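User: Could you walk me through this structure and show me how its descriptive words are earned?

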Amino acid sequence: ATSPDLVTWTQQPADHNHSILGASGATIVLSPKLRAATGYVAVAFASAVMWGSKAENLQGWERAVDKSGAALFQLAGAPPGFGINGDNNAWLDAEEDRIYYLSGSTLNKDVDAAALYRSTSLNLNSSSWELVTEFYTGSTADYSGIGVNCPDVWRNASGDPETTVLMWLQHPPWHKPWDTAWTVGAQDNSSSAPRWSQRGLVDQSSAFIAAQSFTDAKGRRVIFAWVQSPPNKVFAGLQSFPRELWLDMKTQ
C-alpha cells in the first residue's frame with residue numbers, strides 16, 4: 001500500500017513471487033551510479049539474500065544477481081563469536097555512494113550485539129562487502145537471546161551529523177514479553193562505532209515492537225511499529241499509526 005501523506009492509502013497489487021519468503025529486512029532506493037552499475041532501481045535485504053526491482057513503481061521484485069548470474073549479496077567476516085540472524089538494517093550513504101548494512105547478532109551467546117558492514121564497490125556483488133566494526137554490544141542484564149532484533153538506525157539524528165540513534169526489538173526479563181529499546185551515541189563518521197551513552201524504551205507498551213523509521217520529504221522522522229493485537233499473541237497484529245520521532249538533546 002502506498003501513500004503520499006500517510007493518511008490516504010492506495011492498495012497495490014499483491015506480489016505473487018512465491019520464491020520470496022517472509023523475513024525481516026531493509027529496502028534501499030539506489031543512487032544513479034548504483035543503478036547504472038547493478039541494473040536495479042532498488043534493492044531489499046532479507047536474511048542475507050538480496051532482492052531487486054528494476055521498475056520505478058517497485059512492483060515485480062526478483063532475486064538480485066549480477067550480470068554473470070551470481071548472487072549480489074553475501075556477508076563474510078563476522079566478528080568472533082557472532083551468530084548472524086536474519087534481521088537487519090541498511091542505509092545509503094549518499095556522499096560515499098556506499099551502502100551500510102547492520103546485522104543483528106548475538107555475541108558469544110551471552111549478550112546482544114550488532115555488526116556493521118559496508119559495500120566496497122558500485123556493483124554490490126557478493127565479494128564487495130567488508131566488516132567495519134562491532135556497532136553495538138549490550139550487557140548480560142539486557143540479554144534477550146535473539147540478538148539486536150529488527151534494528152533501526154537513525155543517522156544525523158535531529159540534524160546533528162555526529163548523533164546516531166539505534167532502536168531494536170528486545171526480549172528483556174524485566175519488561176515481558178517484547179519491547180523496542182533505543183540508545184543514542186556520538187558517531188565520528190559512517191564507519192566508526194558510536195559511543196553509546198543513553199538508553200530507554202521507545203514506547204512503554206510491550207505491544208509496540210519492531211519499530212522502523214525513515215525521514216520523509218518534509219524532513220520529519222516517521223516511525224511505525226508492529227502492534228500485537230492482543231498483546232502476547234505471536235504473529236497476530238497490525239501496523240501502528242505513524243508517529244513523528246525526534247531527539248530532544250536538552251533532556252539527554
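**From one residue to its sheet**

Analyst: Let's start with Thr164, which lies in strand β10 (residues 163–170). This is a predicted model, in which local features need pLDDT of at least 70, side-chain atom pairs count only at pLDDT 80 or more, and totals for chains, interfaces and linings use all residues. Residues are numbered from 1 along each chain as its sequence is written, and side-chain values use heavy atoms, with hydrogens and water left out.

User: What makes residues 163–170 a strand, and where does the number in β10 come from?

Analyst: Strands are DSSP runs of E with at least two residues, and they are numbered from the N terminus. Residues 163–170 are listed as such a strand, β10.

User: Why is Thr164 called buried?

Analyst: Buried means under 20% relative accessible area, exposed means over 50%, and partly exposed is in between (1.4 Å probe, protein chains only). Thr164 has a relative accessible area of 0%, so Thr164 counts as buried.

User: How do you know that Thr164 and Arg155 make a polar contact?

Analyst: A polar contact is a pair of N or O atoms within 3.5 Å; within protein, one must be able to donate a hydrogen and the other to accept it, and residues adjacent in sequence count only if both atoms are side-chain atoms. The side chains of Thr164 and Arg155 make theirs at 3.3 Å, so the distance fits the cut-off.

User: Which residues does Thr164 touch?

Analyst: Contact means heavy atoms within 4.5 Å. Leaving out residues up to four places away in sequence, Thr164 touches several, including Phe135, Val153, Trp154, Pro194 and Trp196.

User: What makes β10 a mostly covered strand?

Analyst: 8 of its 8 residues are buried. Thr163, Val165, Met167 and Leu169 point one way, Thr164, Leu166, Trp168 and Gln170 point the other way, and all are buried. In a regular strand the side chains alternate between the two faces of the sheet.

User: How do you know that β10 pairs with β11?

Analyst: Two strands pair if DSSP finds at least two bridges between them. β10 and β11 (residues 179–186) have 8 bridges in the antiparallel sense, so they qualify as paired. Thr164 has Gly185 as its bridge partner in β11, and Leu169 stands opposite Thr180. Strand β9 (residues 149–154) also pairs with β10 in the antiparallel sense, over 4 bridges, with Trp154 opposite Val165.

User: What is the strand order in this open sheet, and which strands are at the edges?

Analyst: The order of its 4 strands is β9-β10-β11-β12, with antiparallel pairing. β9 and β12 (195–201) are the edge strands, and each pairs on one side only.

User: Why are β1 and β4 said to stand at the edges of the sheet β1-β2-β3-β4?

Analyst: This is an open sheet of 4 strands with antiparallel pairing. β1 (25–29) and β4 (62–63) each have a single partner strand, so one side of each is left without a neighbour in the sheet.

User: What does β1 pair with, and how do its side chains point?

Analyst: β1 and β2 pair in the antiparallel sense over 5 bridges, and the bridge partner of Val29 in β2 is Ala42. Along β1 the side chains alternate: Ala26 and Ile28 point to one face and are buried, while Gly25, Thr27 and Val29 point to the other and are not.
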